[in-house]
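Colleague: Could you walk me through the reasoning behind some of the labels on this model? I would like to see how each value leads to its verdict.

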Amino acid sequence: NNHVKIPKLKTMIKIKYHREFTGTIKSCTVSKTPSNKYFISILVDTENKAVGLAHAGWRGTYGKICEETLKSMQENYNTNPENVIAIIGPSIGSCCYEVSYDLIDKFEKLLPNADEKIYEIRDEKYYLNLWEVNTQILKEFGVLKSNIINMNICTSCNCDRFFSYRKHEKTPKRIGTFIEIK
């Protein structure tokens, strides 16, 4: 389902994810990181009619890209984090994102007060939950937990709908995320 109900706006936001895109875009910001496994967060300021898009792998997440995006929204649109709806879009889930213990350790040090577990251990392997890591970062910055919507779509588990860097053998193909304010 690509529709997200935002109660405070009393409307639906239609989010389109495209496996392939050919055409012209009038205005956009292009991220250097591929979006076939990485975390995507759509940030909607319900008061100031502004949106932000944060897109990152573990390095950008570790650099708190969601927080940086919100800071930019504060500076440019007077965004109050309490008025932000954060939508966590399709990306690799903890079900599939196997990482080293060293990476888990980095994130535990980054978020020593996390109120939810940010990783799982299965069969003596570590699986990082980027969705939860970014949720914790958003909450630390002031976004209300009730305003964080996780679509719970793993690109690796749903590789028939989304490109997956891991499932499609390091594919150069990407997913596009389009947001429109009307």
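What follows is a friendly exchange about how those labels are reached.

Modeller: Happy to. Keep in mind that this is a predicted model. For orientation, the chain contains 4 helices and 11 strands, and buried residues make up 45% of its 182 residues.

Colleague: Why is Asn 78 called exposed?

Modeller: Its relative accessibility is 66%. Exposed means over 50%, so Asn 78 earns the label. Asn 78 sits in the loop between helix H2 (65-77) and strand S6 (84-88). It also has a positive phi of about 60°, although it is not a glycine.

Colleague: And what makes Asn 152 exposed?

Modeller: The relative accessible area of Asn 152 is 53%. With the cut-off at over 50%, Asn 152 therefore counts as exposed. This residue belongs to the loop between strand S10 (148-150) and strand S11 (176-178). Asn 152 is not a glycine either, and its phi is positive at about 55°.

Colleague: Let's turn to Glu 132. How do you know that Glu 132 has no salt bridge?

Modeller: The nearest side chain of opposite charge, Lys 139, is 4.9 Å away. A salt bridge needs the charged atoms within 4 Å, so this pair does not qualify. Glu 132 is nevertheless buried.

Colleague: What does the side chain of Glu 132 join up with in a polar contact?

Modeller: Gln 136, at 2.6 Å from side chain to side chain. The limit is 3.5 Å, so the pair counts as a polar contact. Leaving aside residues up to four places away in sequence, Glu 132 touches Glu 116, Lys 117 and Ile 118.

Colleague: Which helix holds Glu 132, and why is that helix said to be largely enclosed?

Modeller: Glu 132 lies in helix H4 (residues 130-141). Of the 12 residues of H4, 11 are buried, so the rest of the structure largely encloses the helix. Among them are Leu 130, Trp 131, Ile 137, Lys 139 and Phe 141.

Colleague: How do you know that the length of H4 is close to what is expected?

Modeller: From first C-alpha to last, the 12 residues of H4 reach 17 Å, against an expected 16 Å at 1.5 Å a residue.

Colleague: What makes Asn 129 a cap for H4?

Modeller: A side-chain oxygen of Asn 129 lies 3.1 Å from the backbone nitrogen of Trp 131, at the N-terminal end of the helix. That distance is within the 3.5 Å limit, so the atoms make a polar contact. Just after H4, Gly 142 takes a positive phi of about 120°.

Colleague: Why are strands S8 and S9 called paired?

Modeller: Pairing takes at least two bridges, and 4 bridges join S8 (residues 119-122) to S9 (residues 125-128), so the two strands pair. They run antiparallel. As an example, Ile 121 has Tyr 126 in S9 as its bridge partner. The hairpin of S8 and S9 has 2 residues between the strands, and Asp 123 there takes a positive phi near 50°.

Colleague: What about S7 and S9?

Modeller: They are joined by 2 bridges and run antiparallel. At least two are required, so S7 and S9 also count as paired. Glu 98 stands opposite Tyr 127 in S9.

Colleague: What is the strand order in the open sheet, and which are the edge strands?

Modeller: The order is S7-S9-S8, with antiparallel pairing. The edges are S7 (98-99) and S8, each of which pairs on one side only.

Methods
Residues are numbered from 1 along each chain as its sequence is written. This is a predicted model: local features need pLDDT of at least 70, side-chain atom pairs count only at pLDDT 80 or more; totals for chains, interfaces and linings use all residues. Side-chain values use heavy atoms; hydrogens and water are left out. Buried means under 20% relative accessible area, exposed over 50%, partly exposed in between (1.4 Å probe, protein chains only). Lys and Arg count as positive and Asp and Glu as negative; His and the chain ends are not counted. A polar contact is a pair of N or O atoms within 3.5 Å; within protein, one must be able to donate a hydrogen and the other to accept it, and residues adjacent in sequence count only if both atoms are side-chain atoms. Contact means heavy atoms within 4.5 Å. The expected span of a helix is 1.5 Å times one less than its number of residues.
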